[in-house]
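Biologist: Got a minute to walk me through this one? I'd like to start with the sheet and then poke at the odd spots.

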Amino acid sequence: LIRHIALPMRLDFMGVSSYGSGTAPGELVFTKELKLEARDRDVLLVDDILDTGKTLSAVIDKLNALQPRSLKTCVLLEKKSRRTEEITADYVGFEVPDEFVIGYGLDYAERYRNLPFIGVLKPEVYS
């Protein structure tokens, strides 16, 4: 994604986790805070997957508190069938079914992130 944005930019990361070592969402934990100033800046929030919407909603609230000039959201994957929050991403790569997906940065218990594709984790692996 970043290689296709031809605008001057600065890049920062937030660490947010809601799964721990399982497949069911749990308590939301911010593991890393932003270092760059977001106030009066145009911010693009990029996330791997929009599932229930709880994580993205919490991160949007946290970023809005920093008073950016604008805030847009971009997700690689979206599971509309699992949405519990009224939230939509401004940009979506692909819609996926309600299955536990791994690879290409997505993990199960901190494993499988390095797969060069997105795949479905068989239930017998995590049941």
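Modeller: Sure, we'll go through the sheet, the cores and then the loop, bearing in mind that this is a predicted model.

Biologist: What's the strand order in the open sheet, and is the pairing parallel or antiparallel?

Modeller: The order is 3-4-5, so to speak, for an open sheet of 3 strands, and the pairing is parallel.

Biologist: Which strands stand at the edges?

Modeller: Strand 3 and strand 5 (91–95) do. Each has a single partner strand, so one side of each has no neighbour in the sheet.

Biologist: And how are neighbouring strands turned against each other on average?

Modeller: By 15°, with direction ignored.

Biologist: How many bridges join strand 4 to strand 5?

Modeller: There are 4 bridges, and the two strands run parallel. If you want a spot to look at, Val-75 sits opposite Val-92 in strand 5.

Biologist: Where does helix 1 lie?

Modeller: Helix 1 lies across strand 3 and strand 4, and runs at about 165° to strand 3.

Biologist: OK, cores. Which residues make up the largest nonpolar one?

Modeller: That core has 12 residues in all, including Val-43, Leu-45, Leu-56, Ile-60, Leu-71, Val-75 and Ala-89. At least two residues each come from strand 3 (42–50), helix 1 (54–64) and strand 4 (70–78).

Biologist: Which of those supplies the largest share?

Modeller: Helix 1, with 4 residues. Apart from this core there is another, of 5 residues, with Ile-49, Val-96, Val-101 and Leu-106 among them.

Biologist: Back to Ala-89. What is it in contact with, leaving aside neighbours within four places in sequence?

Modeller: Ala-89 touches Leu-50, Thr-73 and Val-75. Leu-50 and Val-75 belong to the largest nonpolar core along with Ala-89.

Biologist: Now the odd spots. What's the phi of Tyr-104?

Modeller: Tyr-104 has a positive phi of about 55°, although Tyr-104 is not a glycine. Most residues other than glycine have a negative phi.

Biologist: Where does Tyr-104 lie, and is it buried or exposed?

Modeller: Tyr-104 lies in the loop between strand 6 (101–102) and strand 7 (119–120). Its relative accessible area is 55%, and the cut-off for exposed is over 50%, so Tyr-104 counts as exposed.

Biologist: And what about the phi of Glu-110?

Modeller: The phi of Glu-110 is near 65°, again positive in a residue other than glycine. Glu-110 is placed in the loop between strand 6 and strand 7.

Biologist: Is Glu-110 buried or exposed?

Modeller: Glu-110 is exposed, because its relative accessible area is 57%.

How values were computed: Residues are numbered from 1 along each chain as its sequence is written. This is a predicted model: local features need pLDDT of at least 70, side-chain atom pairs count only at pLDDT 80 or more; totals for chains, interfaces and linings use all residues. Side-chain values use heavy atoms; hydrogens and water are left out. Buried means under 20% relative accessible area, exposed over 50%, partly exposed in between (1.4 Å probe, protein chains only). A nonpolar core is a set of buried Ala, Val, Leu, Ile, Met, Phe, Trp, Tyr and Cys residues joined through side-chain atoms within 4.5 Å. Contact means heavy atoms within 4.5 Å. Two strands pair if DSSP finds at least two bridges between them. Axes are lines fitted to C-alpha atoms, for helices over the stretch in contact, and angles run from 0 to 180 degrees between N-to-C directions.
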